Amino acid sequence: MVKYKTDVVEDGREYDVWLAGKEEMGSLGKKWMKDEVFHEVISWPLEEKGLGPDGVWRLGDVVVYKDAKNRDFLIEHGVRHLLGQHHE
Ligand SMILES: [Zn+2]
């Protein structure tokens, strides 16, 4: 897994985006999503949201499949999950 970028949402809260290969996405999916579906994006909100000692407010991490065609869309989707916005 390699770091892709650190970005911020409108209010300045920060999140990290990581890129992972197919096998890695597969094992992350098994471990965290508890299924055999291939997920192109998986996100983890930080368990304790809030200001870190450095004064930066972190939302969590988004891992996206490195060869996904619609990478930006997937990242946006993962960030929405970090913000607690789920599917309608
Ligand atoms: Zn979703």
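Helices (H or I, at least four residues) and strands (E, at least two) are DSSP runs, numbered from the N terminus. The model treated here is predicted, so that local features need pLDDT of at least 70 and side-chain atom pairs count only at pLDDT 80 or more, while totals for chains, interfaces and linings use all residues. Residues are numbered from 1 along each chain as its sequence is written.

**Exercise 1. Overall architecture**

Determine the order of the secondary-structure elements in the chain, and assess how compact the chain is for its 88 residues.

Solution. Step one is to list the elements: the chain has two helices and four strands, and read from the N terminus they follow the order β-β-α-β-β-α. Step two uses the radius of gyration, which is taken over C-alpha atoms and set against the globule rule of 2.2 Å times the number of residues to the power 0.38. The chain's value of 13 Å is close to the 12 Å from that rule for 88 residues, so the chain is as compact as a globular protein of that length. Step three adds the extent of the C-alpha trace, which spans about 35 × 25 × 25 Å along its principal axes.

**Exercise 2. Strand pairing**

Work out how strand 2 pairs with strand 1 and with strand 4, two strands being paired if DSSP finds at least two bridges between them.

Solution. Strand 1 (residues 2-8) meets strand 2 in the antiparallel sense over six bridges, and the two form a hairpin with five residues between them, in whose turn Gly 12 has a positive phi of about 95 degrees. Strand 2 and strand 4, in contrast, run parallel and are joined by seven bridges. Individual partners illustrate both pairings: Val 8 is bridged to Glu 14 in strand 2, whereas Val 17 has Val 62 in strand 4 as its bridge partner.

**Exercise 3. The surroundings of Glu 14**

Classify the exposure of Glu 14 and identify the residues that Glu 14 contacts beyond its sequence neighbours.

Solution. A residue is buried if 20 or more other C-beta atoms lie within 10 Å of its own, exposed if 12 or fewer, and partly exposed in between, with C-beta atoms placed from the backbone. Glu 14, which lies in strand 2 (residues 14-20), has 14 C-beta neighbours inside 10 Å and therefore counts as partly exposed. For the second step, two residues are in contact if their C-beta atoms, again placed from the backbone, lie within 7 Å. Leaving aside neighbours within four places in sequence, Glu 14 is in contact with Thr 6, Val 8, Val 56, Trp 57, Arg 58 and Leu 59. Of the pair Glu 14 and Arg 58, one can add that they stand 44 residues apart in sequence but 4.7 Å apart in space, C-alpha to C-alpha.

**Exercise 4. The core and helix 2**

Establish which elements supply the largest nonpolar core, and where the buried residues of helix 2 lie around its axis.

Solution. A nonpolar core is a set of buried Ala, Val, Leu, Ile, Met, Phe, Trp, Tyr and Cys residues joined through C-beta atoms within 7 Å. The largest one has 14 residues, and those with the most contacts inside it are Tyr 15, Val 62, Val 64 and Ile 75. Strand 2, strand 3 (41-51), strand 4 (57-65) and helix 2 (71-82) each supply at least two of its residues, with the largest share, five residues, coming from strand 4. Turning to helix 2, its buried residues are Leu 74, Ile 75, Gly 78, Val 79 and Leu 82. Seen down the helix axis they fall within an arc of 140 degrees, so they line one face of helix 2; the arc is that of the directions from the helix axis to the C-beta atoms.

**Exercise 5. Exposed sites**

Decide whether Lys 34 is buried or exposed, do likewise for Gly 52, and describe the burial of strand 1.

Solution. Lys 34 lies in the loop between helix 1 and strand 3, is exposed with 8 other C-beta atoms within 10 Å, and has a phi near 60 degrees, a positive value in a residue other than glycine. Gly 52, found in the loop between strand 3 and strand 4, is also exposed, with 11 other C-beta atoms within 10 Å. As for strand 1, the number buried among its seven residues is zero, so strand 1 lies largely in the open.

Definitions and conventions: Two strands pair if DSSP finds at least two bridges between them.
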